[in-house]
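Welcome! Here is a short tour of a protein model, meant for someone meeting it for the first time.

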Amino acid sequence: MTRWRLTIEYDGAPFMGWQRQDHGPSVQQALEEALEKMTGERGQFTAAGRTDAGVHALAMTAHTDVTKVLTSHRLREGLNALVRPQPISVLDVEEVAEDWHARFSCVGRRYLYRILSRRAPPALDGGKVWHIAVPLDVDAMREGAKHLVGRHDFTTFRSAHCQSDSPVKTLDKLLVKTVGEEIYIVAGARSFLHHQVRSMVGCLALVGRGQWTPDDMRKALEAADRSALGLNAPPHGLYFVQALYA
């Protein structure tokens with residue numbers, strides 16, 4: 001038995017998320033079915049994070065155990081051939097120790113949220129960015145983001161369906177920067193609550209529109225109440241960027 005670490009890119013639009021679902025296709029299901037066709041084994045893929053329906057990944061890390069003797073090159077090429085035409089690409093495969101775990105060995109996760117801030121809608125990046133057709137005050141968004149960095153009770157920014165044992169998380173970074181006509185929001189933490197990034201981004205967009213002040217971010221956080229949430233950003237602007245390991 002060999003444990004393989006995989007780095008995976010995918011477009012989340014056609015999927016119900018990473019994890020297998022009874023009510024629609026998932027990235028995990030597509031990869032597991034491809035592996036079974038290739039090896040005859042019903043292996044399981046475990047990922048560093050569980051992205052929601054519509055959320056994309058630039059470099060999701062996952063692992064799987066395979067009994068059949070394979071090279072990393074053959075496993076990568078075989079999976080990529082068999083998942084077609086679904087928008088999934090295995091970028092890299094490497095052998096790891098038997099006790100290495102994509103989720104439990106992970107010490108940090110990074111997400112990117114893309115907002116297109118212009119009047120004209122996206123012709124090429126539809127379904128890849130959140131289009132906001134009015135100018136946003138990026139400086140105010142940066143000020144608002146500062147209130148969320150650190151160790152806090154993030155109940156306000158937590159989905160009602162979140163299964164985490166505690167709403168307390170340490171947010172290492174929440175950066176707001178401009179890249180051309182886009183606003184990039186970069187979030188980093190050891191782990192996140194369900195919908196936490198999208199909820200933080202949605203409220204920062206309210207700050208950018210002038211509907212909230214930067215201090216309203218602090219007030220929403222301190223309320224520790226989901227009803228204090230202003231807005232949940234749509235999933236299609238969110239990307240899982242990186243899983244960090246010691």
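## The largest pocket

The largest pocket holds about 990 Å³ of space. Keep in mind that this is a predicted model. The pocket is lined by 35 residues, and those nearest its centre are Arg 50, Arg 103, Phe 192, Leu 193 and His 194. Strand S5 (106–117) and H4 each give at least two residues to this lining. The table sorts the lining by class.

| Class of lining residue | Number in the largest pocket |
|---|---|
| Nonpolar | 14 residues |
| Polar | 13 residues |
| Charged | eight residues |

## The nonpolar core

Now let us turn to the core. The largest nonpolar core is made of 72 residues, and Ile 115, Phe 157 and Ile 185 have the most contacts inside it. Helix H4 (residues 196–209) provides the largest share of this core, with eight residues.

What is Ile 115 in contact with, leaving aside its neighbours within four places in sequence? Its partners are Trp 130, Ile 132, Leu 136, Met 141, Glu 181, Glu 182, Ile 183, Ile 185 and Val 201.

## Helix H3 and its two sides

One of those partners, Met 141, is also among the buried residues of helix H3 (residues 138–146), together with Val 138, Ala 140, Gly 144 and Ala 145. Seen down the axis of H3, the buried residues fall within an arc of 155°, so they line one face of the helix. On the other side of H3, Asp 139 and Lys 146 are exposed. The buried residues of H3 pack against S5, strand S8 (168–179), strand S9 (182–189), H4 and helix H5 (214–223).

Technical notes:
Residues are numbered from 1 along each chain as its sequence is written. This is a predicted model: local features need pLDDT of at least 70, side-chain atom pairs count only at pLDDT 80 or more; totals for chains, interfaces and linings use all residues. Side-chain values use heavy atoms; hydrogens and water are left out. A nonpolar core is a set of buried Ala, Val, Leu, Ile, Met, Phe, Trp, Tyr and Cys residues joined through side-chain atoms within 4.5 Å. Buried means under 20% relative accessible area, exposed over 50%, partly exposed in between (1.4 Å probe, protein chains only). Helices (H or I, at least four residues) and strands (E, at least two) are DSSP runs, numbered from the N terminus. Contact means heavy atoms within 4.5 Å. On a 1 Å grid over the protein atoms alone, a cavity is a set of points where a 1.4 Å probe fits but cannot get out, and a pocket is an open set with protein on both sides within 12 Å along at least five of seven lines; lining residues have an atom within 4 Å of a point. Grid points are joined across faces, edges and corners, and a volume is the space filled by probe spheres set on the points. Ala, Val, Leu, Ile, Met, Phe, Trp, Tyr, Cys and Pro count as nonpolar, Asp, Glu, Lys and Arg as charged, and the others, Gly among them, as polar. The arc is that of the directions from the helix axis to the C-beta atoms.
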